[in-house]
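Subject: Structure for your files, with notes

Hello,

The structure is placed below, followed by notes on what was found in it. Please keep it open while reading.

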Amino acid sequence: MCSRQLQIRSLADSALPVHCLSKTVRPIATWESRRLALSTAPHRSQATAAGNFVLRRHLPHGPLPSLGRDMASTCEVPTKARGGKFSQWVSKQVVDEQVPSISPSTPPALYPSDEPMQKEPLALKPMAEDEEEAFRQYMDKIGENRDGTSAGFNRKAFPWFTPKEPAKAPTVSAEVLEAAMEFKPKPRTSPKLWEVDSEGEEVPLCPRCSLPVGEFAYQGREGKQTCVHTECMAQVMSQEAQREEDARVKRENVKKEKNRREYDIGWRMDSVPKSAQWAERMGCKPAPQGLCCLVLDEASRTVKVAATAEPSAAVNLEYLLLALKVRKTASREPLFSLDPVDPQNLEKTPQKKVYEPSWLAGTSVGDVMFQADYFLKELALGEYDMPVVGMLSVFDWSEMKDKDKSWAGREWYVVKKAEIRMAEDNTLIPHVKMGVEAREQVVTKKGLEDAPVTLPHHPLKKFADAFTRNFDLIAERKSVVFHLRELAKASAMAKYLIDSKARLDPTWYVLADEIVKSTEPEAYPQIPQLWNMRGNSRIKLKEGRLVDMVTGGQSNLQAIYGGVEFGLDRFELAQRHALQGQKPSVPGVQLAQSGRPMFMPQRFQLGQRPEMPQGVDLNLDKFSLSTEERFAGRLPPCSGGVGSLEAKTVLGRAFLQALQQKSFAVKPEDQSLLLNIFKVPQCDRVEEGDAFIPPDPNLEYLTKVRSLVGEEKTLRERRKQRFSDKSFAVANPGLDFPRSWTPRFQVELEGRVSQTAPTKFGLKKLEVDEAFKRGLLENVLPAAAPEFNQVTEDGIVFRIYKIGSLEVRTMQEADEPEAIAVVFSSGTASWEGKAVDSEDVLRDRLVKCKVYVEAMEQESQLHLAKDARTGCNFYIVLETEKKNRIVTEALGAGALSWVQNPHNLEDRNSLAKLLFTADCKDEVYARDVKQFQRTLVLPPSAGLRKHYAKAVYKFVSGRSFRGKWGGKLRRFAPPPQGGNLGLAALGRSSDFLNVMWLARKSSNKADLLKPKTPAYY
Ligand SMILES: [Zn+2]
């Protein structure tokens, strides 16, 4: 570990370079836009799993990342002011260093990891004064406009989220609070299966919900004699399907994990080559401790390696040497692609890694291309949580938009822009902007061919666009993407050096040959395919029966291919003249003789090239021409020679240390920016240890990243607001939340999935004081099981608890205690609709009568102490000839309700159970029922609601409930369990499956179970 190699140096031998001169940068080469293609190869995505597969290899394996933690536990003194306070900080560390071992109490975990942390006592070197100084100088540059680019960031400003003014919430009644505080989770006793109602009728109860069961039931999993509501059975099946799916995902993840281990798939931080070993041999002695850059000598047209503390100027020397060799010998950029071994059998064939040139196999350059490509593919398939809050995978998009459509396509890494800038001291600064592009693949006679994705809503394009938009933030967080960008920088530099005919030391090529010669042959030239699959199904209910279960996986035909190709060739002419330019007449703007900026690519020149690059789209229209402002840069000197501060310090170490302490000694907004980029669970770059390269402090770059982080923050706020609103529906959390929150197994009632069903009815937000919150958090919630419990990409846990009549929603941020977001009390459900009777409806003839039962949370809570019975409410839905629907029920006080076409009927029905259905007698009209209501005398008993339902039912249909409770005559066998639901079958990668079963009639011996077709069906 480098921290151990670090030596304390006295200030005396650090010659500080002067940094304050700001002069103009000359970009000496610039070329614009295009596809730095990272193509990937056909592989078959077979369908998907829930997407929580964790990339183990990205997690720390050894004590390496413990650096930050250990540092943190010893250095508690925060740096306060910008500059000046570092000496205190250091002296504190020095004192702490004398403490022999680190207190084992709380090493704050930087990122979640299941792996046992190796707590190796690490004798910390205090940060050398040089290092402090270098770090302070770096931090001073944060947000500085150093390259003269326009500070105004032209992305549309993201809308800041402004929460609505909360309505004044009612104060909670003492009674409700008391009930909540006394809430005890129900003891797990075997549920009561029967009860005798007030009229002496024996009524079976559903073991799932303890409500009475009507004329139709399924045999419960609890035993042959149990009857379960159709609605409850649908829940049972959906849970079983989910369990089956979870088990399948688990099995597949084990397989994938095995593949990763076996075939060495997964990025390792230690695979990034260190520049120091090459720097000396490239003529920079002694090798810089930190970052290396190239400095041009314009007179001799030679370049030399120097040290730098400017992240944007940093070049990975091994990447550079290899890229130079590729360019010199093959006149191209490194290319990688993952191709099917047998293109005729895409489904089963393994994939082979293809490198151009082939000697790249096994080198660091080959590795970073392969791993970055594979990572992109895995992300696209939804294997991991997204690196940026709110991003969706290709599968997520496809699930929402066109689940049943099949397509195949590629995701490419592209270079949007590449140029070489030059600082005042002739330091060469490679500047690239990258993104991802989508191409659909269509089957032609010749095989799969690329076609541009034109549909803006194509899942591939949606994903590619989001990746591109967030590219820089992803690169800062994900080590493998960061280093791919470093490779692109090195390749652009190599191309520039060759094309500009810079005189390179021939030993550089010898070094490259040496690297290649010492490279072990690639251990796994072929790897198994990556696949993914998601189970989705809908359990359909119609007229109180389970009709079928439609099970679908995300079609295997949605395949994602890819690869890596640095198509920098198309930029070639752009910088051909780069170094042949004379001294600029105007600083910062190099003008050709014509007076135009000289790095404009010119159409005819490209055509003159004999060797047109293959497989590269030379769409010249995409070359947007450079404008002057790109040349008008200001970048102070940024290289340092032997003995300079740059050469002696490791910036990354100091940066991670400050990160760990959450103290960067910068303006609060910059501090919060840095924490929000790096100190989040999605970030694995902190595991890079001393090799960590801090972000480019330049204003333009930071502004862009700041804007992306701002969008994340906005979304985070919106999530909190949405979650705290009573309209938040568990069955459909919405686009703001991770897609995985939307249940994949849903119940479809009468042809409709209720997406808006509330968790409880009549929710009213309560104003609760701190003492009550504390009471809930300390005494009630720990014993309660949340009914909803989900985690976001950034590690915030959202939970919903139902505590009697209360609904408590909480949020918990990483490393923070759980906090109450909102408390609701639920009331009695009410019908939302016109209370006014429409005369037209009253003249309607009635055709059907349905009796529903629903639980009454509020009352059940209040009655709980006296009577263990669950309170329930009965209501009747009358359907008229003209498709009007009337709801009538007896209310608590004995009043009778009558509501026509309430708009929340479906939502409320989705939480109730259908007990009885009957056709109405001939010539019964709505007004007759209304008349009947007036004449009806109800007993003032607890059974009032039921009594009213019975009376109306009998009045309209001539039938009675008597003898029908429990579906004694018509009990259907449960649907076949496990295996037959189609999910198992999805493990094969056959076409989209549509599996259906029908509730089958049981042929059991017991008379009771013998099915009879209902007369009215
Ligand atoms: Zn039930």
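A residue is called buried here when its relative accessible area is under 20%, exposed when that is over 50%, and partly exposed in between. By that measure, 57% of the 1017 residues in the chain are buried. Please note that this is a predicted model. The chain has 28 helices and 33 strands. Of the contacts between residues at least 6 apart in sequence, 76% join residues at least 24 apart.

Zinc site

Which protein atoms hold the zinc ion? The donors are SG of C206, SG of C209, ND1 of H229 and SG of C232, at 2.1 to 2.3 Å from the ion. Along the sequence, these donor residues follow the spacing C-x2-C-x19-H-x2-C. C209 sits in the loop between β4 (202–204) and β5 (217–219), and C232 belongs to helix α6 (residues 230–262), so this pair ties together parts that are 23 residues apart in sequence. The angles among the 4 donor atoms run from 94 to 117°, and the site is tetrahedral. For four tetrahedral donors the ideal angle is 109.5 degrees. C232 has a relative accessible area of 4%, so this residue counts as buried.

Further along α6

Helix α6 also contains N259. N259 has 16% relative accessibility and therefore counts as buried. The C-alpha atom of N259 lies 7.3 Å from that of P528, although the two residues are 269 apart along the chain.

D264 is in the loop between α6 and α7. Its phi is positive, about 55°, and D264 is not a glycine. Most residues other than glycine have a negative phi. Is D264 buried or partly exposed? At 32% relative accessibility, D264 is partly exposed.

Cis peptide bonds

Two peptide bonds deserve a look, given that most peptide bonds are trans. One joins K285 and P286 and is cis, with omega about -10°. P286 is in the loop between α7 (276–281) and β7 (291–297). Another cis bond runs from E356 to P357, and its omega is near -10°. P357 is located in the loop between β10 (351–356) and α9.

Helices α9 and α27

Helix α9 covers residues 364–380, which is 17 residues. From its first C-alpha to its last, α9 reaches 24 Å, close to the 24 Å expected at 1.5 Å a residue. Of those 17 residues, 16 are buried, so α9 is largely enclosed by the rest of the structure. G382, just after α9, has a positive phi of about 75°.

Helix α27 (residues 944–957) can be read in a similar way. Its 14 residues should span 20 Å at 1.5 Å a residue, and the end C-alpha atoms are 20 Å apart, which agrees. How many residues of α27 are buried? The count is 11 of the 14, so α27 is largely enclosed by the rest of the structure. Among the buried residues are L944, R945, K946, Y948 and Y953. Just after α27 comes G958, with a positive phi of about 75°.

Helices α20 and α21

Before α20, in the loop between α19 and α20, is A665. A665 is not a glycine, yet its phi is positive, near 55°. With a relative accessible area of 7%, A665 is buried.

Helix α20 (residues 668–678) packs against helix α21 (residues 699–723) at an angle of about 75°, and the axes are 10 Å apart. Because angles of 65 to 115 degrees count as roughly perpendicular, α20 is described as roughly perpendicular to α21. On the α20 side, the contact is made by E669, D670, L673, N676 and I677. On the α21 side, the residues are L702, V705, R706, V709, E712 and R716. In an α-helix, residues three or four places apart point the same way, because there are 3.6 residues a turn.

The buried residues of α20 are D670, Q671, L673, L674, L675, I677 and F678. Which elements help to cover them? The cover includes α4 (129–141), α12 (471–477), α19 (651–660) and α21.

Regards

Conventions
Residues numbered from 1 in each chain as written. Predicted model: local features only at pLDDT ≥ 70, side-chain atom pairs only at ≥ 80, totals over all residues. Heavy atoms only, no water. Donors = N, O, S within 2.8 Å, 3.2 Å for Na, K, Ca; no water. Tetrahedral: all angles 85-135°; square planar, octahedral: opposite > 155°, others 65-115°. Helix = DSSP H or I, 4+ residues; strand = E, 2+ residues; numbered from the N terminus. Buried < 20%, exposed > 50% of the residue type's maximum accessible area, 1.4 Å probe, protein only. Expected span 1.5 Å × (residues − 1). Axes fitted to C-alpha atoms, helices over the stretch in contact; angles between N-to-C directions. Parallel < 35°, antiparallel > 145°, perpendicular 65-115°, else oblique. Contact = heavy atoms within 4.5 Å.
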